[in-house]
There are 2 protein chains.
Amino acid sequence: MHDAGESECRKDALLDPRIRRSRQMLHDALAQLLTQKEFDKISIQEIAEQAGLNRATFYSHYPDKFTLLNCMVGTRFHGLMARRNVQVNDCGGALKAIAMGVCDFLIDMPGVGVAAGGGQVEGSIQMAIVEVVQGILLRGMNRHEPRDPVDAKTLAATIAWAIYGAAYTWVRTEERCTAEHMAEALDRLISPMLHAGASGG
Amino acid sequence: MHDAGESECRKDALLDPRIRRSRQMLHDALAQLLTQKEFDKISIQEIAEQAGLNRATFYSHYPDKFTLLNCMVGTRFHGLMARRNVQVNDCGGALKAIAMGVCDFLIDMPGVGVAAGGGQVEGSIQMAIVEVVQGILLRGMNRHEPRDPVDAKTLAATIAWAIYGAAYTWVRTEERCTAEHMAEALDRLISPMLHAGASGG
DNA sequence: CGACATCTGTTGCTTAGGCAACGGTTCGCG
DNA sequence: CGCGAACCGTTGCCTAAGCAACAGATGTCG
């Protein structure tokens, strides 16, 4: 089985309610356990037990706990941005909204503190954030001011990584400013990049 | 089917996890809907939808929404008392704990406000509370100071109804005292009844 | 070293839930 | 009155989840 492997993490709709429910419970279980112990100290048995699901059911959804982690992080970040309806449209402030989302997500995400680093959790978070932010940027750019696809992809990647890097550094800073302040600073910093190269080729 | 009919509401343990989960979801769904509209304005379709379950699944657990209401209220009150580990033992204060539980439950229970009265919801609550409180009293009396079974049953019923009636009146009072204060008053009022007739025949 | 414990993937069978469809009731509205 | 809409209670078929059991890997303690 392993229907939810990596790439098909977010086919939320159209799915059997039982499947969506089970995956949701596995996500919640892992998130809960991450508040108590490190990722590599968590067994699949624990996750299944915490979720109130059978261990065999875990394997019918994910091949291993790493894939679950990736899907959990991706789904949660995607959900956060979707709930806030973050998108790049004609009115400004999109970059600020994106940066706010990333900052808030990093703050709330268990397993990411001032301590620890280089773990599997950080990697999953980074991947998920960059991928989702890239998607938002690309969709907005294509809809608003079309440009060369290669340029668009490069630009989106650059901005996505820039925002993630800034937020990642920010969240690990002892006496950091507010997320709001950080997001505004990032917006001012990056906006020129987004609008400068429009329609260039 | 209809495995959870009325009397066998609380066989929680030993049951297939899927069954416990579904019933829990139906309980939560009904409780949620009761915060929004009156009981007889709620359809089974709504309950199933709110629970994220199929309508047919509802019928495999309960014959109608009245049974669900009874089970939901009973389970919730029983769970509240169990979590607080309320029981009649050698040290005093049992009646206060019981009264506190009843007051807190009535306060939190949706569908019971200063308004409305004589509805199906009130009836279910009354039945559940009296039954559970009677059980607690009977178990405690048998364990602590055995007496004639008939007397015990009558005494337990009397006290249970007294507490319910007091709490019912209290919760519908405009400017009521705290639950703590009310429980203490009831304890002082009823304790003599509980201890007076011990070992009588 | 062996004994014991825990976790891992995987299997086959059983059971609960999803779904579509049915006929039947009630209600409101033109 | 007829019509549609919504709810009811039930059915049969299909799919996901529970469960027990397996062999194998790892780890730890005496």
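**Entry 1: starting at strand C**

I began at DNA strand C, where one of its phosphate oxygens sits 2.3 Å from an N or O atom in the side chain of S22(B). I then asked which elements give two or more residues to the surface near this strand. In chain A they are α1 (17–34), α2 (44–51) and α3 (55–59), and in chain B they are α1 (17–34) and α3 (55–59). A reminder to myself: this is a predicted model, so every distance I jot down here is computed from the prediction.

**Entry 2: more on strand C**

Next I looked up two contacts from chain A. Q45(A) has a polar side-chain atom 2.7 Å from a phosphate oxygen of DNA strand C. R55(A) goes for a base instead: one of its polar side-chain atoms is 2.9 Å from a base nitrogen of DNA strand C.

How many residues are around DNA strand C, and which come nearest? I found 22 residues, and R21(A), Q45(A), R18(B), S22(B) and T57(B) come nearest. I also checked which part of the strand the protein meets. Of the strand C atoms within 4 Å of the protein, 64% belong to sugar or phosphate, and the rest belong to bases. By residue type, the surface near DNA strand C splits into seven nonpolar, eight polar and seven charged.

**Entry 3: over to strand D**

I did the lookup for DNA strand D as well. It is surrounded by 21 residues, with R18(A), S22(A), T57(A), R21(B) and Q45(B) closest. Sugar and phosphate make up 66% of the strand D atoms that come within 4 Å of the protein.

I noted three contacts to phosphate oxygens of DNA strand D. For H61(A), a polar side-chain atom is 3.0 Å away from one. An N or O atom in the side chain of R21(B) lies 2.7 Å from a phosphate oxygen of the strand, and for Q45(B) I also wrote down 2.7 Å. The elements giving two or more residues to this surface are α1 and α3 of chain A, plus α1, α2 (44–51) and α3 of chain B. The residue types here come out as seven nonpolar, seven polar and seven charged.

**Entry 4: how the two chains relate**

What turn lays chain A on chain B? I got a turn of 180° with a shift of 0.0 Å along the axis, and the RMSD is 0.0 Å. The two copies are therefore related as by a two-fold rotation axis. I looked at where they touch, too: 100% of the interface residues of chain A are also interface residues in chain B, so the copies meet through the same surface.

**Entry 5: inside chain A**

Chain A has eight helices and zero strands. Of its 201 residues, 45% count as buried. I checked contacts between residues at least 6 apart in sequence, and 68% of those in chain A join residues at least 24 apart.

I picked helix α7 (residues 149–171) of chain A for a ruler check. Its 23 residues reach 33 Å from first C-alpha to last, close to the 33 Å expected at 1.5 Å a residue. The buried residues of α7(A) include L155(A), I159(A), I163(A), Y164(A) and W170(A).

**Entry 6: one threonine**

Last, I looked at T75(A), which lies in helix α4 (residues 65–83) of chain A. Is T75(A) buried or exposed? Its relative accessible area is 17%, so T75(A) counts as buried. A polar atom of the T75(A) side chain is 2.7 Å from the backbone oxygen of C71(A).

Note on methods:
Residues are numbered from 1 along each chain as its sequence is written. Chains are lettered from A and ligands numbered from 1 in the order in which they are written. This is a predicted model: local features need pLDDT of at least 70, side-chain atom pairs count only at pLDDT 80 or more; totals for chains, interfaces and linings use all residues. Side-chain values use heavy atoms; hydrogens and water are left out. A residue is near a molecule or strand if one of its heavy atoms lies within 4 Å of it. A polar contact is a pair of N or O atoms within 3.5 Å; within protein, one must be able to donate a hydrogen and the other to accept it, and residues adjacent in sequence count only if both atoms are side-chain atoms. Helices (H or I, at least four residues) and strands (E, at least two) are DSSP runs, numbered from the N terminus. Ala, Val, Leu, Ile, Met, Phe, Trp, Tyr, Cys and Pro count as nonpolar, Asp, Glu, Lys and Arg as charged, and the others, Gly among them, as polar. The expected span of a helix is 1.5 Å times one less than its number of residues. Buried means under 20% relative accessible area, exposed over 50%, partly exposed in between (1.4 Å probe, protein chains only). Copies are superposed by least squares on the C-alpha atoms of residues with pLDDT of at least 70 in both. Contact means heavy atoms within 4.5 Å.
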